[in-house]
Amino acid sequence: SLWFKYGVVVFPSLLPRTTVEKLLETIRQTQHEQSASDYTQVTRNSTFRVHKALSVEKAHHALNEIAELLGQFLRMALRMPRQVEDVANSRAVHDNGVHILESGFMVTAPGAVEQQLHRDVAPATLSHSALTASIQVSLVDTEAEQGALQVVPGSQDFVPTSSHKERLFA
């Protein structure tokens with residue numbers, strides 16, 4: 001499958017328009033809040049970008065919907081052990097075994113330059129396992145000039161004996 005070979009899968013139009021609109025409104029409000037954790041200063045090529053945490057509580061409806069829509073795929077893609085899947089299937093509909101560890105957003109304005117190649121999720125740091133996925137949801141149409149998402153085949157694999165730089169430049 002594309003996931004196992006390249007570490008990426010695209011689900012066009014995954015979320016209903018109403019969910020996208022609610023999520024965009026939550027992001028617009030959070031973008032200007034001083035209380036939201038701000039990662040802009042540590043973001044690569046941060047000029048013309050705002051990068052902040054998005055409260056899981058504030059965005060719970062959309063995040064639950066994403067988890068629900070992608071739950072079966074993620075359990076397969078992350079090769080979750082059968083007993084974890086069995087426990088997930090015995091729980092309520094919204095608890096399908098997919099747990100959101102963090103939620104954030106980046107707003108990129110005209111004039112932003114392309115970011116250098118980097119890893120959004122570092123399993124060795126985050127969980128010491130391959131049971132981690134980064135999900136990027138584009139809420140607006142993007143153009144290639146804005147710096148499209150790029151994926152390095154194999155970079156999704158957790159190899160505790162090598163760094164992500166070794167895999168990128170091998």
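In what order do the elements of the chain run from the N terminus on? In this predicted model, the order is α-α-β-α-α-β-α-α, which gives the chain six helices and two strands. The points below take up the chain as a whole, the confidence of the prediction, and then one residue, Thr 30, which lies in helix α2.

**The chain as a whole**
- Of the 170 residues of the chain, 26% count as buried.
- The accessible surface of the chain is about 11,700 Å², and carbon and sulfur atoms hold 54% of that surface.
- Among contacts in the chain with a separation of 6 or more, 73% come from residues that are 24 or more positions apart.

**Confidence**
- The chain has a mean pLDDT of 74, with 69% of its residues reaching 70 or more.
- Helix α2 has the highest confidence in the chain, at a mean of 91, whereas helix α4, which covers residues 82-90, has the lowest, at 46.
- Over residues 84-94 the pLDDT stays under 50, and for this stretch the model has nine contacts beyond four places in sequence.

**Thr 30 in helix α2**
- Helix α2 spans residues 17-31, and Thr 30 is one of them.
- Thr 30 has a relative accessible area of 3% and therefore counts as buried, since the cut-off for that term is under 20%.
- A polar atom of the Thr 30 side chain lies 2.8 Å from the backbone oxygen of Thr 26.
- Once neighbours within four places in sequence are left aside, Thr 30 is in contact with Ala 36, Lys 52, Ala 53, Leu 54, Lys 58 and Phe 105.

Notes:
Residues are numbered from 1 along each chain as its sequence is written. This is a predicted model: local features need pLDDT of at least 70, side-chain atom pairs count only at pLDDT 80 or more; totals for chains, interfaces and linings use all residues. Side-chain values use heavy atoms; hydrogens and water are left out. Helices (H or I, at least four residues) and strands (E, at least two) are DSSP runs, numbered from the N terminus. Buried means under 20% relative accessible area, exposed over 50%, partly exposed in between (1.4 Å probe, protein chains only). A polar contact is a pair of N or O atoms within 3.5 Å; within protein, one must be able to donate a hydrogen and the other to accept it, and residues adjacent in sequence count only if both atoms are side-chain atoms. Contact means heavy atoms within 4.5 Å. pLDDT is the predictor's confidence in each residue, from 0 to 100. Accessible areas come from the Shrake-Rupley method with a 1.4 Å probe; for residues, only the protein chains shown count as cover.
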